[in-house]
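Student: I'd like to go through how a ligand is held here. Can we start with the terms?

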Amino acid sequence: MSGYEVRLGLYVDGEWLGGAGRETSQVLNPATGGGHAALPLATAEDLDRALEATRRGFETWRGTAPDARAALLIRTAALLRERADRIARIATLEQGKVLAEAKGEVAFAAALLEFHAGEAQRIYGRVLPRPAGTRSLVLQQPVGPVAAFCAWNFPVLNVVRKIAPALAAGCSIVIKPSEETAGSAVEVMRCFEDAGLPGPVAQCVFGVPDMVSRQLLASPIIRKLSFTGSVPVGKHLTRLAADTLKKVTMELGGHGPVLVFDDCDLDRTLDTLVAHKFRNAGQVCVAPTRFYVQSGIYDRFAAGFAERTRQVRMGDGLAPDSQMGPMANARRPEAIESLVQEAQARGARLLAGGERGGNAGGFFFPPTVLADVPIEARAMNEEPFGPLALLHPFETVEEAIAQANRLPFGLAAYCFTENGRRQNRLGDEIEAGMVAINGVRLSWPDSPFGGMKDSGYGSEDGPEGVAAHLVTKAVHMS
Ligand code: NAD
């Protein structure tokens with residue numbers, strides 16, 4: 001018995017729509033490759049219905065008092081916490097990550113809902129002084145119905161990260177989570193439903209992604225697009241949204257540079273980085289990926305990284321001793337394998353992992369370390385999105401910064417140095433939406449999460465995440 005007990009369906013206008021009369025796709029278990037359940041896919045009529053509901057939902061939700069919006073978010077958070085074990089298990093069964101990580105993800109999603117409940121009550125405007133008896137008001141109002149699309153790597157959190165700021169701001173939403181991790185999204189929607197969300201305020205649909213996004217984004221009802229996923233799809237959706245000039249938030253891929261200087265606390269740095277690198281089998285947009293290490297410690301760093309990596313236990317995410325699960329789908333191990341082989345052909349040295357094998361049927365790829373990876377290797381330029389660490393030496397701080405900024409991505413960067421002046425310089429000069437110094441945590445509910453350059457624009461979380469769902473209006477009262 002897998003324990004994957006989810007009634008999959010589309011949630012439209014407060015109603016669950018099942019498989020009858022609809023095409024379906026299979027949700028798979030990445031640890032075995034076997035199928036869990038059939039997921040109904042939206043028809044064009046379903047999407048029209050979802051759009052119409054979202055339009056109506058906005059009319060009521062925009063006028064709902066902020067404290068009532070906040071209360072709904074708080075109740076949803078409580079239900080998520082109550083159901084955390086069950087939801088985490090579903091996330092592991094369909095996405096692959098180890099259960100402890102899935103539980104952490106659910107807890108963070110609940111904290112994010114609670115934070116947004118506070119933000120819902122802190123959407124202020126301004127009063128501008130004018131001659132006596134008159135004034136101008138600057139109002140912040142919800143932008144309107146939102147269409148959101150998100151990826152499979154954080155199947156619970158990604159969904160909450162879209163819905164929470166929209167509802168806090170007074171927007172309605174239609175979300176299309178990843179079909180590959182539909183069960184987690186359905187469970188999140190059930191929490192909203194059971195917390196008392198009025199039917200038409202939030203819809204959750206699945207379908208053929210290109211068809212769904214074209215139909216939703218062509219509609220003038222939708223006033224904002226929010227997407228988490230790859231850079232090419234993000235650019236494509238931004239183009240679709242341009243015809244009706246929707247407000248856009250893009251949370252896209254990265255290629256996290258890690259700058260490790262001679263003066264760092266080497267053991268602590270290695271312990272922290274290896275644990276972080278293989279979280280979620282490296283399928284994290286802010287994952288540390290290109291490790292630029294100063295020449296004085298390069299050999300020791302490489303040896304220490306490889307040794308720790310070999311100790312990471314890979315296995316089914318539900319097994320208590322697994323530290324890294326399978327990759328989420330069959331595309332990922334293939335992609336990583338091809339990047340590893342290409343880098344080796346260019347002269348990179350394999351220090352750990354590197355080959356698929358064993359775990360018949362599952363989408364496993366072992367934690368892998370490549371040293372002396374040439375800058376021209378494909379892996380040094382394309383986001384691997386997997387358990388692959390790439391090591392490359394450097395001499396000077398200027399060289400390290402140039403490498404960090406070399407790619408069009410600008411999402412997360414990590415620096416390890418005890419030199420305070422250098423820390424400030426790195427914080428100033430690295431082109432990334434988030435920079436971690438002597439640590440790896442980049443995400444808190446109150447802190448903006450997002451990138452620059454090809455990694456996208458428009459932060460999520462923090463007050464910025466709600467602001468991204470607001471429009472500004474000036475009212476001049478003469
Ligand atoms: P992909 O680009 O095909 O899909 C990413 C997500 O976007 C999926 O959930 C998919 O359903 C959705 N999507 C794809 N085409 C769409 C469309 N036309 N309209 C609406 N949604 C669409 O890539 P993939 O093979 O699933 O994942 C691999 C790549 O995705 C990685 O290399 C990484 O760059 C990126 N990714 C990024 C993040 C992130 O957090 N930024 C998360 C997951 C994946």
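Tutor: Sure: a polar contact is a pair of N or O atoms within 3.5 Å; within protein, one must be able to donate a hydrogen and the other to accept it, and residues adjacent in sequence count only if both atoms are side-chain atoms. This is a predicted model, where local features need pLDDT of at least 70, side-chain atom pairs count only at pLDDT 80 or more, and totals for chains, interfaces and linings use all residues. Residues are numbered from 1 along each chain as its sequence is written, and side-chain values use heavy atoms, with hydrogens and water left out.

Student: Which side chain has an N or O atom 2.8 Å from a nitrogen atom of the ligand?

Tutor: Asn153 has a side-chain N or O atom 3.5 Å from a ligand oxygen. Leu252 puts a backbone N or O atom 3.2 Å from a ligand nitrogen. The side chain at 2.8 Å from a ligand nitrogen belongs to Ser213.

Student: Where does the ligand lie relative to the domains?

Tutor: Domain bounds come from an automatic or database assignment. Domain 1 (10-252 + 455-477) and domain 2 (256-444) both give residues to the shell, so the ligand lies between them.
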